[in-house]
Amino acid sequence: MGMNCNLKKRFYSEDEAKNAAIKYSQIFFSKELLGYYKCNIHRCWHLGHTQTDIPYHIRIQRLIDSIDSNQ
Ligand SMILES: [Zn+2]
């Protein structure tokens, strides 16, 4: 992968990355939630746009669903 993620913050679990994405979107009052993806180089998770072709609204819906299921 050509993307330089050496300087990106590393999260060691999906939940950690997800929670950070939610927190950042609240801090910046962003209408768009940050995505997060697993990095095979660092064996961790980074925040950023995912490299899949899943439509954005579906990713958000999955995120929302996963939050609800934790309660
Ligand atoms: Zn990485």
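A residue is called buried if 20 or more other C-beta atoms lie within 10 Å of its own, exposed if 12 or fewer do, and partly exposed in between, with C-beta atoms placed from the backbone. The model is a predicted one, in which local features need pLDDT (the predictor's confidence in each residue, from 0 to 100) of at least 70 and side-chain atom pairs count only at pLDDT 80 or more, while totals for chains, interfaces and linings use all residues. Residues are numbered from 1 along each chain as its sequence is written.

**Exercise 1. Determine in what order the elements of the chain run, and where confidence is lowest and highest.**

Begin with the count: the chain has 2 helices and 2 strands, where helices (H or I, at least four residues) and strands (E, at least two) are DSSP runs numbered from the N terminus. Read from the N terminus on, their order is α-β-β-α. Turning to confidence, the mean pLDDT of the chain is 79, and 79% of its residues reach 70 or more. Confidence is lowest in helix α2 (residues 56-69), with a mean of 75, and highest in β2, at 92.

**Exercise 2. Work out which residues of α1 are buried and which are exposed on the other side.**

Helix α1 spans residues 14-27, and its 14 residues reach 20 Å from first C-alpha to last, close to the 20 Å expected at 1.5 Å a residue (1.5 Å times one less than the number of residues). Its buried residues are Ala17, Lys18 and Ala21. Seen down the axis of α1, these fall within an arc of 100 degrees, so they line one face of the helix; the arc is that of the directions from the helix axis to the C-beta atoms. On the other side of α1, Asp15, Lys23, Gln26 and Ile27 are exposed. Just after α1, Phe29 takes a positive phi of about 50 degrees.

**Exercise 3. Describe how β1 and β2 are joined, and characterise Arg43 in the turn.**

Strands β1 (residues 36-39) and β2 (residues 44-47) run antiparallel and are joined by 4 bridges, pairing being assigned if DSSP finds at least two bridges between strands. Tyr37, for example, has His46 as its bridge partner in β2. The two strands form a hairpin with 4 residues between them. In that loop lies Arg43, whose phi is positive, at about 55 degrees, although Arg43 is not a glycine. Most residues other than glycine have a negative phi. Arg43 is exposed, with 9 other C-beta atoms within 10 Å.
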